[in-house]
Amino acid sequence: MPNKLSRILTEKYGLSEEAIHQALASKNVKGDSMGDVLVRKNLLSELQYLEALGLFYHIPFQPNLVLENLDTTFTQKVPIQFLRKYQMVPLAMALTPDDKTQLLPERKIAVTEPIHFHALDDLVQIMRWDDYTLTLSTKTAIASAINMAFDLGRDSAEELVQNMEENEGIVIDEFQSTADLLDDTSDAPIIKLVNHIISQSTKARASDIHIEPYQDSFKVRYRVDGILYDLLAPPKRIQAALTSRIKVMAKMNIAEKRLPQDGRIDVKIGNQEIDIRVSTIPTSFGERVVLRLLNKSSSLIGLPELGLSPERLSILEKLVKSPNGIILVTGPTGSGKTTSLYAILSSLNKPDINIITIEDPVEYRLRGISQIQVNPKIDLTFAKGLRSIVRQDPDIILVGEIRDRETAEIAVQSALTGHLVFSTLHTNDSASAITRLVDIDVEPFLIASSVLGVVAQRLIRTLCQFCKEPFTPDDFAIESLGLAPDQAKDAVFYRPKGCPQCVHTGYKGRIGIFEIMVMESNLKSLILRNFDANRIKQEALKNKMVTLREDGLEKIFKGITSMEEVIRVTHL
């Protein structure tokens, strides 16, 4: 250990000689760098160690790397595995042919540990750089730069399609999907195209990819924030090759094109783990494929982040702390019901509480919670699974969906015998959930006794904070929201504009709007006499229930979303 670096660590950050010697001993035994040991033992932060290293080697420390206009040609010369292993990345600005202001761009190599001299020499020789500077940066910054460069350095989808048109003979190479799509160096154009479609869709935060065949063409689209956008329209002749490649990756039968099939792909894109559910159906013009993307690396949303106002958040928190009963979450497919239920379960998950779920499918793995996957092939249905769950001494039960009378009756009986049960229904609003339970032959007195509350929800797109612009709507637009013009005279309305930050859509991300119907005594007595959803809703409004439209209006007035978005989602 150099004395000067010891002195810097001691004088600048107060590390004791003993701590430094212990770090050195661990470094020599385990083969880690000394910085890794010090950071792992919480003796220093990574930033502090790199600052000290910079002072020792006289190398500038740059925690955030400038990646604008990055020259990505090195991705064709240097393997991504080499850069990741030695945690280094070459940085140079890409110059346009008519750029006369600078003969040679500034060349820089960012590293985390300057001691990898041989690897550094190899990189410089590969790049053929005679003159460059070294800079220190964090592991995260260097990993992000590597991933971004290899993503940008790949051919565009249009170039890949052009390549296929020039090479008529396309061979499908049946091999297992690589651990990381960015690591895949295959030259097969169809493989590169599929990898590009998946990585670009992930980058755009897409939830689904659609491959749709037509008579003389086919289209690739992706869904971002609930809206489908065109991604690519390749020539019809590569449709079969593209579909077959996806089926190979999903371990599906590529010879069977007459029956629907389901499969699954697990891939990594940089530091993101993506779980892809693949579904194919036969159509008149070929197989239609839909890929559902689930980013397992993204963290779960907490209750306060769902979009509930403070008043409705306190109502929901009070409901979920009940010792027993049923809480239903309703809404159409893709309205965020599962996300809300996972947020609720995460808030209730404690070592002294036994939580068991039965879902179709299990979308997120929750630590400390037992999760069961429905499997119709072996007759493991919601009803059968729920019947077994109640013998496992649970405190809280989540049933993915109430679909039939048997599941509903077991859920009700579980609630009446001391369990807190969460489940979902596909209904338009909270009051309709009661009539749906009656429709599947659940007795009204059981509904009144067991149901604590119903949460109806939708997802609305939020305006991009970088480009949203204020405007004054006309009277017709205000009346379409159910407001009188004088009610909105002091409000500030915003509309989408579009910028690079939001991919020129005007929206970025989504948030929930909610309608929470708490089963007060007047509602329970009404349910025992009358099952009409409109009558139940009118009674709930007397209890000051806030409707979906009213919650949407609040978010319009706060500048979170637009008028068009609320009207689109809440036209009941």
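Student: Against which elements do the buried residues of α10 pack?

Tutor: In this predicted model, helix α10 spans residues 239-249. Its buried residues include L242, I246 and V248. The buried residues of α10 pack against one helix and several strands, namely α9 (189-203), β4 (206-213), β5 (218-224), β7 (261-269), β8 (272-283) and β9 (286-295).

Student: How many of the residues of α10 are buried?

Tutor: A residue counts as buried when its relative accessible area is under 20%. Q239, A241, L242, T243, S244, R245, I246, K247, V248 and M249 meet this condition. Helix α10 is therefore mostly covered, by the cut-off of under 20%. The number of buried residues is 10 of 11.

Student: Which residue with a positive phi follows α10?

Tutor: The helix α10 ends at residue 249. After the helix comes a residue whose phi is positive, near 55°, and this residue is K251.

Student: What is the order of the strands in the open sheet?

Tutor: The sheet has 6 strands, with antiparallel pairing. Its edge strands are β6 (227-232) and β7, each of which pairs on one side only. From one strand to the next, the twist averages 25°. Read across the sheet, the order is β6-β5-β4-β9-β8-β7.

Student: Which residue of β5 stands opposite A206?

Tutor: Strands of a sheet pair through backbone hydrogen bonds, in either a parallel or an antiparallel sense. For β4 and β5 the sense is antiparallel, and the pairing extends over 7 bridges. The residue in β5 that stands opposite A206 is V224.

Student: What angle does the direction of α9 make with that of β4?

Tutor: Helix α9 packs on the sheet and touches β4, β5, β6, β7, β8 and β9. The angle is taken between N-to-C directions and can run from 0 to 180 degrees. For α9 and β4, this angle is about 140°.

Student: Which element gives the most residues to the lining of the largest cavity?

Tutor: There are 3 cavities of 30 Å³ or more, and the largest has a volume of about 40 Å³. Its lining consists of V194, I197, I198, I209, I211, L242, I246 and L291. The elements that give two or more residues to this lining are α9, β4 and α10. With 3 residues, the element that gives the most is α9.

Student: How many nonpolar residues are in the lining of the largest cavity?

Tutor: Val, Leu and Ile are among the residue types counted as nonpolar. The lining includes V194, I209 and L291. It has no polar and no charged residues, and the number of nonpolar residues is 8.

How values were computed. Residues are numbered from 1 along each chain as its sequence is written. This is a predicted model: local features need pLDDT of at least 70, side-chain atom pairs count only at pLDDT 80 or more; totals for chains, interfaces and linings use all residues. Side-chain values use heavy atoms; hydrogens and water are left out. Buried means under 20% relative accessible area, exposed over 50%, partly exposed in between (1.4 Å probe, protein chains only). Helices (H or I, at least four residues) and strands (E, at least two) are DSSP runs, numbered from the N terminus. Contact means heavy atoms within 4.5 Å. Two strands pair if DSSP finds at least two bridges between them. On a 1 Å grid over the protein atoms alone, a cavity is a set of points where a 1.4 Å probe fits but cannot get out, and a pocket is an open set with protein on both sides within 12 Å along at least five of seven lines; lining residues have an atom within 4 Å of a point. Grid points are joined across faces, edges and corners, and a volume is the space filled by probe spheres set on the points.
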